[in-house]
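Q: I should like to learn how to read the main features of a structural model, beginning with the sheet. Please take me through them in order.

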Amino acid sequence: MINMEPILQAWEDFARNLQPSYRLMDVVELRDHAKEILEEIAAELANPAGERKLDPQGNTPAEIHADTRALSGFTVDQLLAEFRALRASVLNLWSRREKTATWFEVEDMTRFNEAIDRALSESVARYTEAQRQSQNIFLGIIGHDLRSPLSSINLGATYLMRSEQADSKLIQLGSRMFASSLRMQEMLDNLLDFVRSRSGFGIPLQPDDVDLAVISEHIAEEFRASNPGAVIRSEVVGDVRGRWDGARIGQVYQNLLGNAIQHGANTPVSVVTSAYDGEVVLSVHNDGPPIPPAMQKDIFDPMRRGLSDPVHSSSHKNLGLGLYIVREIVAAHQGSIEVSSAEETGTTFTVRLPKLA
């Protein structure tokens, strides 16, 4: 490529303006894989059917460039800007050439743009994946490290509740602290499950012979005890025994029932577990404010929830990770979950689980 050096210099100058203020980069770092990206594009223009240039791990120059830019502190916008500048630099040099605008020159320019777009797509995809993995690691560390101080709070609360020297106010305080620590523990468990599922490992299961009649009534009784004013109706129809992870299915009941109580506006909540041929269906219903239709399609995704209908989703904005974890647990059991919500019929979450998942 005749004009390689002017293009590389333009890339270097542009990258120098983008580099993080806390870290000055040398020429090698600023030019980082620009030459390899251009050589790959030039080879593609010369021979469209030629083999691509890969490193021993099978990475393209654009992907390696994304890795190094992420480590150097570049944002994805700055990464995009580099490729825009590279395209502009090449096309500018191309326009200065004396040419007759023949059909093959136009075709070469089109193929060049296609090659740049492909390299850009590879680079952004790799950068995005690296950022997602970093976020998952960060969340996992937080979730793990918070367990120790939370355990200390739990022990302190237990001491206050059981201390013979404590008066009624301290015992009540200890009881509230203990309940809050259990709630925080549940949030941390959800966070770690969220990170695990987003990392591709899925929700771990320990299947066993389980009777959902026992689990559903136990969870309902727990909520009755902790919510004295709530009306919770629990019903079991047929033989609801099967092979599942009992603790995980308990999480499903807990999250759906807790969600129904929180957003049910003090209306009665019903939990129905029914047996059908080869599957069990559990539904949790309340007559509170309906979930906006635009929000229902993303109700199980905490990263998208509310974005589809930010104006009308305020009453359901505090759903946390619970519904996401429910969906992942159900999916791990080869089941399905859906929601229906309307002013006339209320809100119902319906879970279908094969008896032999």
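**Reading the sheet, the helices and the charged pairs**

A: In this predicted model, five strands form an open sheet in the order E2-E4-E5-E7-E6, and the pairing is mixed.

Q: Which strands stand at the edges of the sheet?

A: The edges are taken by strand E2 (232-237) and strand E6 (336-342). Each has a single partner strand, so one side of each is left without a neighbour in the sheet. From one strand to the next, the twist averages 10°.

Q: In what sense do strands E4 and E5 pair, and over how many bridges?

A: Strand E4 (residues 269-276) and strand E5 (residues 279-286) are antiparallel, with seven bridges between them. To locate this pairing in the sequence, take serine 270, which stands opposite histidine 285 in E5.

Q: Which helix packs on the sheet?

A: Helix H10 (residues 246-263) does so, touching E2, E4, E5 and strand E7 (346-354). The direction of H10 makes about 20° with that of E5.

Q: How is the packing of two helices described?

A: The description rests on the angle between the two axes and the distance between them. Here, the axes of H10 and helix H12 (residues 322-332) come within 9 Å and cross at roughly 145°. The crossing of H10 and H12 is left-handed.

Q: Which residues meet where H10 and H12 are in contact?

A: H10 contributes Arg248, Gln251, Val252, Asn255 and Leu256. From H12 come Gly322, Leu323, Ile325, Val326, Ile329 and Val330. By class, the residues of this contact are seven nonpolar, three polar and one charged.

Q: What should one look for in the backbone angle phi?

A: Most residues other than glycine have a negative phi. Asparagine 266 is not a glycine, yet has a positive phi of about 65°. This asparagine 266 is found in the loop between H10 and E4, and with a relative accessible area of 82% it is exposed. Glutamine 334 also has a positive phi, near 60°. The loop between H12 and E6 holds glutamine 334, which is exposed at a relative accessible area of 55%.

Q: How is a salt bridge recognised, and how many are there by this rule?

A: The test is a side-chain nitrogen of Lys or Arg within 4 Å of a carboxyl oxygen of Asp or Glu. By this rule there are 13 salt bridges. One of them joins the side chains of arginine 118 and glutamate 40, at 3.4 Å from N to O. This pair links distant parts of the chain, 78 residues apart: arginine 118 belongs to helix H6 (residues 103-145) and glutamate 40 to helix H3 (residues 34-46).

Q: Is glutamate 40 buried or exposed?

A: Glutamate 40 has a relative accessible area of 4% and is therefore buried, since buried means under 20%.

Q: Which partner does glutamate 63 have in a salt bridge?

A: Its partner is arginine 126, with the closest N and O atoms 3.4 Å apart. Here too the pair links distant parts of the chain: glutamate 63 is in helix H4 (residues 61-71) and arginine 126 in helix H6, 63 residues apart. Glutamate 63 counts as buried at 18% relative accessibility, whereas arginine 126, at 21%, counts as partly exposed.

Q: How exposed are arginine 224 and glutamate 217?

A: These two residues form a salt bridge in which the closest N and O atoms are 3.1 Å apart. Arginine 224 is partly exposed at 24% relative accessibility, and glutamate 217 is partly exposed at 34%. Elsewhere, salt bridges that share partners join Glu40, Arg118 and Glu122 into one network.

Technical notes:
Residues numbered from 1 in each chain as written. Predicted model: local features only at pLDDT ≥ 70, side-chain atom pairs only at ≥ 80, totals over all residues. Heavy atoms only, no water. Helix = DSSP H or I, 4+ residues; strand = E, 2+ residues; numbered from the N terminus. Buried < 20%, exposed > 50% of the residue type's maximum accessible area, 1.4 Å probe, protein only. Pairing = 2+ DSSP bridges. Axes fitted to C-alpha atoms, helices over the stretch in contact; angles between N-to-C directions. Contact = heavy atoms within 4.5 Å. Left-handed = near helix turned anticlockwise from the far one by under 90°. Nonpolar A, V, L, I, M, F, W, Y, C, P; charged D, E, K, R; others polar.
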